[in-house]
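Work through the exercises below with the sequence and the coordinates open beside you. Each task is followed by a solution that goes step by step.

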2 protein chains.
Amino acid sequence: MLCFWLRGYRATSVEDLVKATGVKPGSLYSVFPGGKHALFLKSLERYSELVVPQKLGELAAPGASLAALRGYFDGLVQDLLSPEGRQGCLLVNTAIENAAGDDEAAAVVRGHLARLEHCMTAALRNARAAHEVRASVDPAGSAKVLVATCQGLMVVGKANPDGTVLRAIVDNAFAVLV
Amino acid sequence: MLCFWLRGYRATSVEDLVKATGVKPGSLYSVFPGGKHALFLKSLERYSELVVPQKLGELAAPGASLAALRGYFDGLVQDLLSPEGRQGCLLVNTAIENAAGDDEAAAVVRGHLARLEHCMTAALRNARAAHEVRASVDPAGSAKVLVATCQGLMVVGKANPDGTVLRAIVDNAFAVLV
DNA sequence: CTTGTTCTTGAACGAGTATTCAGATACGTT
DNA sequence: AACGTATCTGAATACTCGTTCAAGAACAAG
């Protein structure tokens, strides 16, 4: 999973996977019929189940509110600025690199986006009930925009890992809510 | 340029470029010292100078206002839904695929993002002067968010080329401005 | 300790990669 | 027409790629 995350699907060779796992080619192909591609799909699922919930943090909790939502974006910015976080999000990378020609990969990405939108909608609903955001805010609609914004944040962050720029995006995205 | 746009940097072979241009390997390497990578950078520049202004349309004009800004987003959605437009934006693809390990490519992407932000800021300033958006809208700040949103729109569009979803994102992004 | 089975190994395979270069071709000048 | 220079060509180079498979090691049962 780390190989694909760091280097992308095309750029990781089977040799990379052999070195990273210690599993030799023969075994690798018997354990994962379908080879590199099957392993990639498994990596996507593993990322969804292991890394994503960790990044979501409080945002995935039922009582999540504006602070949790803001915390998710702040975490994203922090990751993009750290040397280890420069690889961005495996699922965003996959959307750009593979989604057009790999329906199975695209389906995993779509699932992730749906989950993200669901969490954000719930958080915004809670936030409105607690009068943390303007009453005119439409939770479902604003969640859709915020999903797109955080994907865009990752694109901008890859090309320009500048804290001032990224924080300005987040600040202004939230400014219209209160 | 079309090769890199359609398939990405890593996935386009020199043979693809030879077939597409009709220029044989020997000539290609004498005309472009630096080979595939030099050609890629030239393609990025060509895309910036040829395709981007066409996509910007009215938004690049001095008098651009809210309609031009909205028109840009609508054009983006339309492109993502058409079979020929599924490749998305070469510069977004490059940001994800190459920016982390290719400083020259990242610089071209940064230039594009800066230009986009500049155009959007100007359009929002005009829009506010014409009372097309709320007086509380900060042109510079909102432009930063809109830049991120349109990059995100491209990520979402690649994984989920669904008109309803994409149009909802654009509608809600603009809803907070008026 | 032998036997039969499962699992593991790394060398080998063919296809594909970016790049080079000696030979062939075309062109402008005399 | 003949020469010299610039340009073009595509076969050859030295890889690296994903994948397979025969040979060997490990292991449990008798």
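**Exercise 1: a helix pair across two chains**

Task: find which residues of H9(A) meet which residues of H8(B), and describe how the two helices cross.

Solution: Begin with the contacts, where Ala168(A), Ile169(A), Asn172(A), Ala173(A) and Ala175(A) of H9(A) meet Gly141(B), Ser142(B), Lys144(B), Val145(B) and Ala148(B) of H8(B); two residues are in contact if their C-beta atoms, placed from the backbone, lie within 7 Å. Sorted by class, this contact has six nonpolar, three polar and one charged residues, where Ala, Val, Leu, Ile, Met, Phe, Trp, Tyr, Cys and Pro count as nonpolar, Asp, Glu, Lys and Arg as charged, and the others, Gly among them, as polar.

The model is predicted, so local features need pLDDT of at least 70 and side-chain atom pairs count only at pLDDT 80 or more, whereas totals for chains, interfaces and linings use all residues. Residues are numbered from 1 along each chain as its sequence is written, and chains are lettered from A and ligands numbered from 1 in the order in which they are written.

Next take the geometry: the axes of H9 (residues 163-175) of chain A and H8 (residues 139-159) of chain B come within 8 Å and cross at roughly 105°. Axes are lines fitted to C-alpha atoms, for helices over the stretch in contact, with angles from 0 to 180 degrees between N-to-C directions, and helices are DSSP runs (H or I, at least four residues) numbered from the N terminus. H9(A) and H8(B) are therefore roughly perpendicular to each other, a label that covers 65 to 115 degrees.

**Exercise 2: the side of chain A that touches chain B**

Task: state how many residues of each chain are in contact, and which helix of chain A supplies the largest share.

Solution: First, 38 residues of chain A are in contact with 38 residues of chain B. On the side of chain A, H8(A) supplies the largest share, 14 residues. By class, that side has 21 nonpolar, 10 polar and seven charged residues.

**Exercise 3: the surfaces near the DNA strands**

Task: name the closest residues around DNA strand D and those nearest to DNA strand C.

Solution: Strand D is surrounded by 13 residues, the closest being Ser13(A), Pro25(A), Gly26(A), Gly35(A) and Gly26(B); a residue is near a strand if its C-beta atom, placed from the backbone, lies within 6 Å of it. This surface divides into five nonpolar, five polar and three charged residues.

For strand C, Gly26(A), Ser13(B), Pro25(B), Gly26(B) and Gly35(B) come nearest among 13 residues. H3(A) gives the most to the surface near strand C, with four residues.

Key
Angles under 35 degrees count as roughly parallel, over 145 as roughly antiparallel, 65 to 115 as roughly perpendicular and the rest as oblique.
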